[in-house]
Amino acid sequence: KMKKKLLILFITFFIAMTLSAEEELFSLSAGISSGIPVYGAGSSTRYDKALPGNTRAIFGTVVSVNLNLIKQLTLFAGNDNVFDLCWNSTEYVHKMHFSFPLGIKIYPGLGGFDIGLAYTLGFRFDYTNTTEFSEKKEFTSWGNGLKVLVEYNFAHEGKSKYYPTIGGYWNLMPRGNNSFDNLIVLYISANF
């Protein structure tokens with residue numbers, strides 16, 4: 001009986017928030033990113049040391065579906081990918097991070113500035129081939145992480161919903177065996 005009352009209260013609250021929203025209820029953001037992955041202890045660091053004199057590229061994507069309940073509050077779910085590719089003429093160590101955040105953004109009244117916090121579920125795929133380590137493909141354990149973000153959404157206070165967003169985030173991701181990856185990422189995204 002109590003669960004039924006809570007469900008009715010939640011649905012009523014959701015409908016009231018939806019009707020009072022000053023902007024579109026749903027929006028989409030998609031963009032590109034780059035950053036600095038800081039790896040925890042484990043096999044990842046062994047592979048890095050086995051590849052001296054390398055070329056490195058770090059790039060990624062960010063995508064989120066936003067539920068704009070009120071002007072000061074947005075709930076979001078999405079997908080963040082970071083590709084850390086390292087190679088020389090014959091060897092390579094590639095690490096691909098995949099995470100799925102679910103969180104909240106709060107606009108404190110400073111234009112399009114917002115801060116956010118999200119729960120992230122994700123894993124890393126390592127693809128390596130060095131003289132010290134033969135070709136190897138491995139997945140880390142799925143981890144339950146934390147994402148903290150700061151961004152400026154020009155579309156939030158702008159005259160067009162298509163203005164871009166610039167931002168950055170820190171994602172702490174457990175990778176199993178008491179190892180954590182820290183992803184520090186900057187991004188620019190388009191709003192739709």
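**Exercise 1.** Determine which strand gives the most to the nonpolar patch on the surface of this predicted model.

*Solution.* Begin with the criteria: a patch is made of residues with over 30% relative accessible area and no salt bridge (a side-chain nitrogen of Lys or Arg within 4 Å of a carboxyl oxygen of Asp or Glu), with nonpolar side chains (Val, Leu, Ile, Met, Phe, Trp, Tyr) joined within 5 Å. The members, among them Ile36, Ile104, Leu117, Leu146 and Trp170, together have about 930 Å² of accessible area, computed by the Shrake-Rupley method with a 1.4 Å probe and only the protein chains shown as cover. Two or more residues come from each of β1 (26-38), β4 (92-106), β5 (113-129) and β7 (143-153), strands being DSSP runs of E with at least two residues, numbered from the N terminus. Of the elements, β7 gives the most, with three residues.

The model is predicted, so that local features need pLDDT of at least 70 and side-chain atom pairs count only at pLDDT 80 or more, while totals for chains, interfaces and linings use all residues. Residues are numbered from 1 along each chain as its sequence is written, and side-chain values use heavy atoms, without hydrogens and water.

**Exercise 2.** Classify Leu146 as buried, partly exposed or exposed.

*Solution.* Leu146 lies in strand β7. Buried means under 20% relative accessible area and exposed over 50%, with partly exposed in between; Leu146 counts as partly exposed because its relative accessibility is 34%.

**Exercise 3.** Describe how β2 pairs with β3.

*Solution.* Two strands pair if DSSP finds at least two bridges between them. Strand β3 (residues 73-87) pairs with β2 in the antiparallel sense over 15 bridges, and Val62 has Asp80 in β3 as its bridge partner. A hairpin of two residues joins β2 to β3.

Conventions. Patch = residues over 30% accessible without salt bridge, like charges linked within 9 Å, V, L, I, M, F, W, Y side chains within 5 Å. Helix = DSSP H or I, 4+ residues; strand = E, 2+ residues; numbered from the N terminus. Buried < 20%, exposed > 50% of the residue type's maximum accessible area, 1.4 Å probe, protein only.
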